[in-house]
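Student: I would like a close look at a single part of this model. Please take me through it in one connected answer.

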Amino acid sequence: MTNPDISADFPFASHFVDVKGSRIHYIDEGTGDPVLFLHGNPTSSYTWRNIIPYVSPHTRAIAVDLIGFGKSDKPDISYGFDDSYAYLEGFIETIGLTNITLVVQDWGSGLGFHFANKHREKIKGIVFMEAMHCEIDFAALSRSDKLLMKMIRAPVASWLMLGVMNSFVKQMLPDWILRDLSQKEMAAYLAPFPTVKSRKPIYVFPRDVPVEGKPVHISRAVAAYSQWLTESPIPKLFLHADPGVLIRQKDVLWIKENFPNLTSVDLGKGLHFLQEDYPHEIGQALVDWYLSHSNPSNEGSRRVV
């Protein structure tokens, strides 16, 4: 069933900035230190539409479309981790963001965590859900998940499944949401990808998911930021659901035990795209956590959960 309390509208002004010769689309609401929302595959800034109104009255909320996604340009590039990161880093530098609170999910977390580790002086806090907090434990996957992982990482199979058939948007996206998306919501997610060529970012990204140490440079980047997250005292808000997809219950326990200065919020039952099932709960938890950590009088009250 659809949920009438979750709006399909996207009532925000569009902004564009040139990065590496391409236009990057973003929304920019409110004033103050930036809270930067980073989406994953195959979504866009649209996925944060019901969460941003909780944040924008209190500070500056920015949601960017990664290169090739949403209303951002689709240049003739390789896509995947390296290109996506280069354009994201360029976007942050171009609009001059500092003292950033990152809000990340899916590939937005891989890119965001990597940016945070490389630019620690620019980071104020990190909020994450269904995130790539470490390399996927391939051996621990079920037989069906192993098969799916192999297929979406294989060039021909991923092109057929995610490019030609567009199954990531048409099937996997709604399957990983508990409620039914409305026609208007599905139309918004389908709009950026009308052709096989336009879906290149969707089918290339999964090939860069680090599995058993490969791709090597991405595996090393993930290992580096994963280690940093276990050491850094930076404030962290962790939102999770059961059973999840990227973060299962064993991962929830591990994160709680190993990430310092962590606030943990259990959203209840959920899969991967938690923004579509729990936008109001996420928004309220985010603003409560943000305000408590932005108030100097509460500096001593930060807690590890």
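Student: Which residues of the largest nonpolar core touch the most other members?

Tutor: The model is a predicted one. In its largest nonpolar core, which has 69 residues, L36, F91 and F128 touch the most other members. Helix α2 (residues 80–94) gives this core its largest share, 6 residues. A second core, separate from that one, has 24 residues, among them I27, I52, V103 and V127. As general background, nonpolar side chains in soluble globular proteins tend to be buried together.

Take L36 as the starting point. Setting aside neighbours within four places in sequence, L36 is in contact with I62, V64, F91, I92, L97, I100, T101, L102 and V103. One of these contacts, L102, is also the bridge partner of L36 in strand β5. Strand β3 (residues 34–38) pairs with β5 in the parallel sense, over 4 bridges.

Now follow β5 itself, residues 100–106. Of its 7 residues, 7 are buried, so the strand is largely enclosed by the rest of the structure. β5 also pairs with strand β6 (residues 123–131), again in the parallel sense, over 7 bridges. One bridge in that pairing joins D106 to A131 of β6. Helix α3 (residues 107–118) completes a β-α-β unit with β5 and β6, and this unit is right-handed.

To sum up, β5 pairs with β3 and with β6, and the residues of β5 are buried.

Notes: Residues are numbered from 1 along each chain as its sequence is written. This is a predicted model: local features need pLDDT of at least 70, side-chain atom pairs count only at pLDDT 80 or more; totals for chains, interfaces and linings use all residues. Side-chain values use heavy atoms; hydrogens and water are left out. Buried means under 20% relative accessible area, exposed over 50%, partly exposed in between (1.4 Å probe, protein chains only). Helices (H or I, at least four residues) and strands (E, at least two) are DSSP runs, numbered from the N terminus. Two strands pair if DSSP finds at least two bridges between them. A crossover is right-handed if, with the strands pointing away from the viewer, the path from the first strand over the helix to the second runs clockwise. A nonpolar core is a set of buried Ala, Val, Leu, Ile, Met, Phe, Trp, Tyr and Cys residues joined through side-chain atoms within 4.5 Å. Contact means heavy atoms within 4.5 Å.
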